[in-house]
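The following account is intended to be read with the sequence and the model side by side. Please keep both in view while working through the paragraphs.

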Amino acid sequence: MPKVTIDGKTVEFESGKLPYHEHGKPESILDVCLNFGMHLEHACGGNCACTTCHVIVTKGMENLSEMDEDEEGDRLQMAPGLTLRSRLGCQCVVEGDVEVEIPSWNINYVSEGGGSMNLGDAIPAPVGKK
Ligand code: FES
């Protein structure tokens with residue numbers, strides 16, 4: 001029963017039993033978020049075509065599926081705030097306990113001018129939006 005902690009909230013599920021929500025790889029960080037009502041941007045629908053699902057792994061990197069360098073690795077290079085512990089939430093499959101943080105701003109904010117629920121206070125709202 002992997003435990004997944006996302007921005008301090010921990011959920012647990014039985015491997016192979018998580019209902020699939022059709023976005024990203026089954027039992028990926030994104031799939032876990034969708035199952036447990038946790039917000040993670042996924043502008044491309046989990047198809048490894050954006051970087052809005054960028055997460056930073058703070059514990060348990062070894063408990064995530066190996067990165068496909070040609071797909072996830074290449075796409076990840078475009079993520080704002082890239083770190084050595086970055087992954088795309090739609091592509092990394094949970095195989096054991098893991099803790100991640102969602103960056104407070106992401107490419108969706110940059111390209112669309114706001115709207116993320118995860119924005120930090122450091123980024124002002126666009127004019128006319130609250
Ligand atoms: Fe677009 Fe993960 S949701 S790359």
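The description moves from the overall layout to the sheet, then to the nonpolar core, and finally to three residues with a positive phi.

The model is predicted. The protein contains 3 helices and 5 strands. Read from the N terminus, these elements follow the order β-β-α-β-α-β-β-α. Of the 130 residues in the protein, 33% are buried. Contacts between residues at least 6 apart in sequence can be sorted by separation, and 60% of them join residues at least 24 apart.

The sheet is the next subject. Its 5 strands are arranged in the order 2-1-5-3-4, and the sheet is open, with mixed pairing. At its edges lie strand 2 (9-12) and strand 4 (86-88), each of which pairs on one side only. From one strand to the next, the twist averages 35°.

At one edge of the sheet, strand 2 runs antiparallel to strand 1, and 4 bridges join the two. Two pairs of residues can be located here: K3 has E12 of strand 2 as its bridge partner, while I6 is matched with K9 of strand 2. The hairpin formed by strand 1 and strand 2 leaves 2 residues between the strands, and D7 in this hairpin takes a positive phi near 50°.

On the other side of the sheet order, strand 3 stands between strand 5 and strand 4. Strand 3 pairs with strand 5 over 3 bridges in the antiparallel sense, and in this pairing V57 has V100 of strand 5 as its bridge partner. Strand 3 also pairs with strand 4, again in the antiparallel sense and over 3 bridges. Here V55 is placed opposite R87 of strand 4. As a general point, side chains in a regular strand alternate between the two faces of the sheet.

Which residues of the largest nonpolar core touch the most other members? In this core of 19 residues, they are I29, L30 and C33. Two or more residues are given to the core by each of strand 1 (3-6), helix 1 (29-35), strand 3 (54-59) and strand 5 (98-101). Helix 1 provides the largest share, 5 residues. The surroundings of C33 can be followed further. When neighbours within four places in sequence are left aside, C33 is in contact with I6, M38, H39, L40 and G89. I6 is also the residue whose bridge partner in strand 2 is K9.

The remaining points concern the backbone of two loop residues. E22, which is not a glycine, has a positive phi of about 65°. This residue is found in the loop between strand 2 and helix 1. Is E22 buried or exposed? E22 counts as exposed because it has 9 C-beta neighbours inside 10 Å, and the cut-off for this class is 12 or fewer.

C48 likewise is a residue other than glycine with a positive phi, in this case near 60°. Its position is in the loop between helix 1 and strand 3. With 19 C-beta neighbours inside 10 Å, C48 counts as partly exposed, since a residue must have 20 or more to be buried. Together with D7 in the hairpin of strand 1 and strand 2, E22 and C48 complete the set of positive phi values described here.

Conventions
Residues are numbered from 1 along each chain as its sequence is written. This is a predicted model: local features need pLDDT of at least 70, side-chain atom pairs count only at pLDDT 80 or more; totals for chains, interfaces and linings use all residues. A nonpolar core is a set of buried Ala, Val, Leu, Ile, Met, Phe, Trp, Tyr and Cys residues joined through C-beta atoms within 7 Å. Helices (H or I, at least four residues) and strands (E, at least two) are DSSP runs, numbered from the N terminus. Two residues are in contact if their C-beta atoms, placed from the backbone, lie within 7 Å. Two strands pair if DSSP finds at least two bridges between them. Axes are lines fitted to C-alpha atoms, for helices over the stretch in contact, and angles run from 0 to 180 degrees between N-to-C directions.
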